[in-house]
Amino acid sequence: MGFAELWDSLLPLGRDPRTGGYRRQAFTPADLACRRWFLKTAAERSLRGHCDRNGNLWAWWDVPGVTRTSVVTGSHLDSVPDGGAYDGPLGVVCGFAAIDLLRARRFRPACPVAVAAFCEEEGGRFGMACLGSRLLAGAAQPGAAAQLRDADGVTLAEAMTAAGLDPARLGSDTELLARLGAFVELHIEQGSALDGLGAAVGIATRIWPHGRWRLDFAGRADHAGTTRLADRRDPMLPYAATVLAAREAAAGHAALATFGKVTAEPGGTNAISSAVRAWLDARAPDEAVLYRMVGQIEAAARRAAAGHGVELGMRLESFTPPVEFDPGLRARLAGALAGRGITAPELATGAGHDAGVLAARLPAAMLFVRNPAGVSHAPAEHADQADCEAGVVALAAVIEELASR
Ligand code: GLV
Ligand code: MN
Ligand code: MN
């Protein structure tokens, strides 16, 4: 089956008709529909569908009697709230389409090949980015992960149980890891560098270190119409000062800092909030700069909180150290693509990926597909069909290179 038909079969699932964006947070009905789509797509190809102990999905092209470690591709199917269609699903669909292409060419792999869809990559529901790959790789504590809560207080354990999975089995999967020889994730580029370079596909070099911090500003609720300004302990004020400080710190460090999620309690228009909870997403080219910037933001937040009689709690929710993708594997990707006449520039990214987590445990690499406007994590995210098809051809060339004798 060609890319377009496969892409269209996934496209309606979880799309918000008001915005055109996707709401496929882990284990929600939309995500469960995507998971069923994955297993059906695998079954239609006689690929062995499997859900591992951490909720990650696998579609195995087995090679009977072969014990060599496998070549895995794939990405994730969950989305940020109101995300684009491509971030994640493009890598999964291209994985299946690349297998279709290889089979049409009668390619016979010398080792197992698999397509994977990792669980809760965005951390859009339970807060920890790349949760499924972190658990698989032993980079997240299963007990703590099981108790992560979504905005409604539902734990990961409860959500998994409702989806028919056993949270008691969460945790590092050394047996599965030992079978993985290499992981190559294809992903839409989340900037417009490839467009500027006139290339349909690129190869990732590294991922910036990044993390998420939760800030809890606790003030005192009161009446908006009667409380004198001087008497207020309004948590919204230090929060606002912190947003501005983050912007200034990021600019000063040539880094990135974002507050994209905030809640105010109890949320009355005519009341001073009792508490403001906000999440800082911070990223920088190197770890020392990242910590300096976050330290600066925290100091500003503490100063502002003290100035308004507000308590501040701040804690790290997830962290990804810098990732250098395996140079040997990258060179093999570049060689395989060059052999097919494909020019693939190299680029670094500030976005996190399952390939970055798995890179700590096995050779991993990434292919990027051009995103003309560079928009991502938003409904306007887009890649042209011809570029997606070029991605399939590139991925097939890479799998062929890695899974040959
Ligand atoms: C993943 O998309 C990230 O937030 O970097
Ligand atoms: Mn994303
Ligand atoms: Mn992604």
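**Notebook: a look around the predicted model**

**Histidine 353**

I began with histidine 353, which I found in the loop between E14 and H12. Note to self: this is a predicted model, so everything below is computed from it. Is histidine 353 buried or exposed? It counts as buried, because its relative accessibility comes to 2% and the cut-off for buried is under 20%.

Next I pulled up what histidine 353 touches, skipping residues up to four places away in sequence. I got Glu121, Cys130, Glu185, His187, Gln190, Ile207, Met366 and Phe368. I followed up on cysteine 130: it sits 223 residues from histidine 353 in sequence, yet the two C-alphas are 6.9 Å apart in space.

**Isoleucine 188**

I moved on to isoleucine 188, which lies in strand E5. With a relative accessible area of 0%, isoleucine 188 is buried. Leaving out neighbours within four places in sequence, I listed its contacts as Tyr86, Asp87, Leu90, Phe368, Val369, Asn371, Glu381, His382 and Ala383. Phe368 is on this list, and I had already met Phe368 at histidine 353.

How far is isoleucine 188 from proline 238? I read 37 Å between the C-alphas, with the two positions 50 residues apart in sequence.

**Helix H11**

Strand E5 came up again when I turned to helix H11, residues 327–339. H11 has 13 residues and spans 18 Å from first C-alpha to last, close to the 18 Å expected at 1.5 Å a residue. Which residues of H11 are buried? I noted Leu329, Arg330, Leu333, Ala336 and Leu337. They sit on the same side of H11 because they cover an arc of only 125 degrees around the axis. That fits the textbook rule: an α-helix has 3.6 residues a turn, so residues three or four places apart point the same way.

I then checked what that buried set packs against: strands E5 (180–188), E6 (201–207), E13 (323–324), E14 (346–349) and E15 (364–369), plus helix H13 (385–402). On the face turned away from the buried side, I found the exposed residues Pro327, Ala338 and Gly339.

**Serine 273**

I looked up serine 273 and placed it in the loop between strand E10 (271–272) and strand E11 (275–283). Serine 273 counts as buried because its relative accessibility is 11%. Apart from residues up to four places away in sequence, serine 273 touches Arg220, Ala221, Asp234, Pro235, Met236, Ala264, Glu265 and Pro266.

**Cavity**

How many cavities of 30 Å³ or more are there? I count one, and its volume is about 50 Å³. I wrote down the lining as Asp31, Arg35, Gly55, Leu57, Leu77, Asp78, Ala117, Phe118, Cys119 and Glu120. By type, the lining divides into five nonpolar, one polar and four charged residues. Helix H2 (29–44) and strand E4 (113–118) each give at least two residues to it.

**Second largest pocket**

Last, I went to the second largest pocket, which holds about 190 Å³ of space. It is lined by 13 residues, and I noted Thr320, Pro321, Gly356, Val357 and Ala360 as the closest to its centre. Helix H4 (131–137), strand E12 (311–320) and helix H12 (354–358) are the elements that supply two or more lining residues. I got nine nonpolar, two polar and two charged residues for this lining. H12 also brings me back to where I started, as histidine 353 is in the loop between E14 and H12.

Terms used: Residues are numbered from 1 along each chain as its sequence is written. Chains are lettered from A and ligands numbered from 1 in the order in which they are written. This is a predicted model: local features need pLDDT of at least 70, side-chain atom pairs count only at pLDDT 80 or more; totals for chains, interfaces and linings use all residues. Side-chain values use heavy atoms; hydrogens and water are left out. On a 1 Å grid over the protein atoms alone, a cavity is a set of points where a 1.4 Å probe fits but cannot get out, and a pocket is an open set with protein on both sides within 12 Å along at least five of seven lines; lining residues have an atom within 4 Å of a point. Grid points are joined across faces, edges and corners, and a volume is the space filled by probe spheres set on the points. Helices (H or I, at least four residues) and strands (E, at least two) are DSSP runs, numbered from the N terminus. Ala, Val, Leu, Ile, Met, Phe, Trp, Tyr, Cys and Pro count as nonpolar, Asp, Glu, Lys and Arg as charged, and the others, Gly among them, as polar. The expected span of a helix is 1.5 Å times one less than its number of residues. Buried means under 20% relative accessible area, exposed over 50%, partly exposed in between (1.4 Å probe, protein chains only). The arc is that of the directions from the helix axis to the C-beta atoms. Contact means heavy atoms within 4.5 Å.
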